[in-house]
Number of protein chains: 2
Amino acid sequence: MDTTSAFNKFRETEKEIHAYNHALGLIYYDSVTSAPKGAADGIAETMGALSSRLYELTTGKTTSEIVSYLLENDGGLTFEQKKELKEFNRDNEYMSSIPQDEYVEYQKLVSKSEGVWEKAKKENDFPSFAPYLEKLAEYNRRFAEYYKPGEKPYDVLLDMYERGLSTEKADKFFGELKDSIVPLIKRISSAEAPDDSFMSQTFPVSRQRELSARLMKIMSIDENRCGIGESEHPFTTEFNKNDVRLTTHYYEGAFADSMFSVIHEGGHALYELNGCDEYENTSLAGGVSMGIHESQSRLFENIIGRSREFCESLMPVLKELFPGQMSGVSAEELYRAVNKAVPSLIRINADELTYPLHIIVRYELEKALIGGELEVSKLPEAWNEKYKEYLGVEVPDDARGVLQDSHWGGGMFGYFPSYALGSAYGAQIVNTMKKELPFKELILRGDLRPIVGWLTTHIYRFGKLYDPEELIEKCCGEKFSAKYYIDYLTNKFKELYSL
Amino acid sequence: MDTTSAFNKFRETEKEIHAYNHALGLIYYDSVTSAPKGAADGIAETMGALSSRLYELTTGKTTSEIVSYLLENDGGLTFEQKKELKEFNRDNEYMSSIPQDEYVEYQKLVSKSEGVWEKAKKENDFPSFAPYLEKLAEYNRRFAEYYKPGEKPYDVLLDMYERGLSTEKADKFFGELKDSIVPLIKRISSAEAPDDSFMSQTFPVSRQRELSARLMKIMSIDENRCGIGESEHPFTTEFNKNDVRLTTHYYEGAFADSMFSVIHEGGHALYELNGCDEYENTSLAGGVSMGIHESQSRLFENIIGRSREFCESLMPVLKELFPGQMSGVSAEELYRAVNKAVPSLIRINADELTYPLHIIVRYELEKALIGGELEVSKLPEAWNEKYKEYLGVEVPDDARGVLQDSHWGGGMFGYFPSYALGSAYGAQIVNTMKKELPFKELILRGDLRPIVGWLTTHIYRFGKLYDPEELIEKCCGEKFSAKYYIDYLTNKFKELYSL
């Protein structure tokens, strides 16, 4: 074996693994967009068979030998090839650190817990979910210790979702955010709220579908490479850079839900559609992290989609598609309506300003939970206290409280922070972009291509080559800072609410 | 190894193979219903990787050893288990008989030829397709000889698509059909044609979608186990008996196209949805042959869907969904319109009566082609002559003539006869059913459940346990005969055209 032939073998394995990920991704996509309900068992069986082969391909003896050889003989490898190898090795090392029987037990627990959580939420019955949550937290704590002994388990988990992130950094970030946003929200609560009643008229779904197509065009999303489907919860998935799918959900009485879903998912899609050709089928393809991915979706949804300029440039389209409903509504009224800031109970329905507080609540609680400072039985109480303190709302029941999100029931601890971090990355990226592009003018003109072009040059094309922090520094010429996000929110909402 | 443990191993292999077929089937389904156009290359790559693993699983050493062992030690196996083994072994024996390099070369040729055919059809350029067609025919002839040396190649091919079928049987069947239908069509050509102009009004697609849902309900197709999608060419596919998908295509100006597509594909779907639970994931699951499958789709589309009773029971639904368009149209007028018999150029648009003649033309030509009695260069001329002779129409160009179907370009010779055979099976099955069920009354009542129940008992539940001929004999108490089909067509169209 020499380095070149070993690397070629490694590439072949990556390609085969990619095929399995494609198939598995598509089976999942189909299951939430098209599959009949009764298909669930058959889908689980097939996913099981393919996953098991995928596990073999990824962690099997042949692959491990090649990867080990390359890691020890990386003299002839380029910077990109080394990073590719490292990326590939990341998940493997994690998986290999866990005894196989525990890993299998945990997978079974997760698949059972998701159902238990769903039922508990429906029946507002936290106690039935609590023992599962306890075990899930315990497994995550233990696995983190197996993987990186000696490190704080929650730090290990944070780093898995957003490489480079730590409790220290997150504490600082969320601390600054809380200090500036909580007082702002308190002031807004006593200000006059804009009238958004026109948004809850009936908007025919067929017209909303047409709006989605128009939005994709405005965002310069190539319909030859990106499909649009419908699912209960909107999401984006990619099989390769020429095959990206985003989904939305249409409600007749809430057209803005789908509109912002399409813009949000469109941001994710653009990231995947504009990756580097040469990274295709390798471990460098695709977005680098949850946080950077959310930076793109939130940048498009909020900084662009909820801007005055976007509302203005979109208004003629809305009046064309919904002449009756939008009659007499001005762009300024649309702008104010889509930015109405109201502290509320449910994260996924929250406005741009109050959203990060929902994340902060979760961050503080899961940190304490994994850190062993908070018992599962005390979680609902702690949740309700924080909602009262940060958002000023009373949580009426656990269904609309601690049980609302699926993440913890799916075994995901350390995932939430990347949502807020993404918004902050986005604000910093736009701050840099504005020095080089007439950002607002382009939005007003309805021409987002130069913006997508800029993001391709500075973010998209790098795939997983740089870790999030490196990427932000490379893109913005300075280290990550929450300042731009805080300034953006403060300026926007002070102006909106005349504070 | 003992028989029991070997059979269990065999079952595990079948199950794993089934998972790959599920994934591959879904990737294909997605590619024609949802995937963006640019996804084609990535889809081909992934299908290649999964197919290659599927080939390994199916023909690999471990599997072959187990199958050989079981074939030699089948004493302890039940009748069903023996048949299961035989079914599994069918494709393997065929594939193993062909030298691997020739098999690979042929696969490449097919995948290239499909593109060449498509282009040739678009550009009405038969000569550009001719050399490919020659090679395809040559390969099919040779492979048939490898597989079953000493047998007539076209017989071998017929048997592959419809086990038990031979040139001798097909000649007899098509001869009888031609003798009775050709004169009937000639008489109809000079009779007065019904007015079907109301069918080409504008029927909104959203209402047509609603009609599809209603038709599925009428046919008692379980929406929990059967999804409906949209694709250029309607088709049905199944991943298991709880996950069947049918597709249709909506044209605003031709609502009956989609209506009959849904009923036709619904017939295929019912066959798959009502198989035997115990055959799931084994080689006995699914429809036994193309011909029996078509018997079900054509039975529902034509014998039921184009019956006077169905038109009557459906009329209130149509008037509800399309009040303006169907105003003043009677059930009898609908019945006559959907049974308008006109000799035409294009098989897939042909009516029930003239349809089999399109098949006869193809049967006679491909038999001569594979038999070496007809040169590819003479094919267009021979095609045009037969259309003139049997259907009385002049073929204006090869695009609407010999190039219209994709089958030959895809290397499928021997496939066409099963379409006509299916119609004949269907007529014979219904003839038997009528002795036990008030067939027409049930249709008139709009209650097809007893019909589906009867078909489940006599056809669906057997999966691949019996070969087509056995199945027909078991179901009808006598051997297959074209008589019922010919009688059905003759009586129906004589009455319709007052002959």
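## Helices H5 and H6 of chain B

In this predicted model, helix H5 of chain B, which covers residues 100-122, packs against helix H6 of chain B, residues 126-147, with the two axes coming within 10 Å and crossing at roughly 150 degrees. The crossing of H5(B) and H6(B) is left-handed.

On the side of H5(B), the residues that make the contact include Tyr103(B), Tyr106(B), Leu109(B), Val110(B), Val116(B) and Trp117(B), while H6(B) contributes, among them, Phe129(B), Tyr132(B), Leu136(B), Tyr139(B), Phe143(B) and Tyr146(B). Charged residues also take part, including Glu102(B) and Lys112(B) of H5(B) and Lys135(B) and Arg142(B) of H6(B). Counted by class, the contact of H5(B) with H6(B) holds 13 nonpolar, three polar and five charged residues.

## Helices H8 and H14 of chain B

A second helix pair in chain B joins H8, residues 167-189, and H14, residues 355-370, whose axes lie 10 Å apart and whose packing angle is about 140 degrees. At that angle, H8(B) and H14(B) are therefore oblique to each other, and their crossing is left-handed.

Among the residues of H8(B) in this contact are Thr167(B), Ala170(B), Phe174(B), Leu177(B), Ile181(B) and Ile185(B), and they are met from H14(B) by residues including Pro356(B), Leu357(B), Ile360(B), Tyr363(B) and Lys367(B). The residues of the contact between H8(B) and H14(B) divide into eleven nonpolar, one polar and four charged.

## The fold of chain A

Chain A contains 20 helices and three strands, and its C-alpha trace spans about 70 × 50 × 50 Å along the principal axes. For 499 residues, a compact globule would have a radius of gyration near 23 Å, and the 23 Å of chain A agrees with this.

## How chains A and B are related

Chain A is superposed on chain B, with an RMSD of 0.1 Å, by a rotation of 180 degrees combined with a shift of 0.1 Å along the rotation axis. The two copies are thus related as by a two-fold rotation axis. Within chain A, the residue that comes closest to this axis is Ala23(A), whose C-alpha lies at 3.2 Å.

The interface follows the same pattern: 100% of the interface residues of chain A are also interface residues in chain B, so the copies meet through the same surface.

Notes: Residues numbered from 1 in each chain as written. Chains lettered and ligands numbered in written order. Predicted model: local features only at pLDDT ≥ 70, side-chain atom pairs only at ≥ 80, totals over all residues. Heavy atoms only, no water. Axes fitted to C-alpha atoms, helices over the stretch in contact; angles between N-to-C directions. Helix = DSSP H or I, 4+ residues; strand = E, 2+ residues; numbered from the N terminus. Parallel < 35°, antiparallel > 145°, perpendicular 65-115°, else oblique. Left-handed = near helix turned anticlockwise from the far one by under 90°. Contact = heavy atoms within 4.5 Å. Least-squares fit on C-alpha atoms with pLDDT ≥ 70 in both. Rg over C-alpha atoms; globule rule 2.2 N^0.38 Å.
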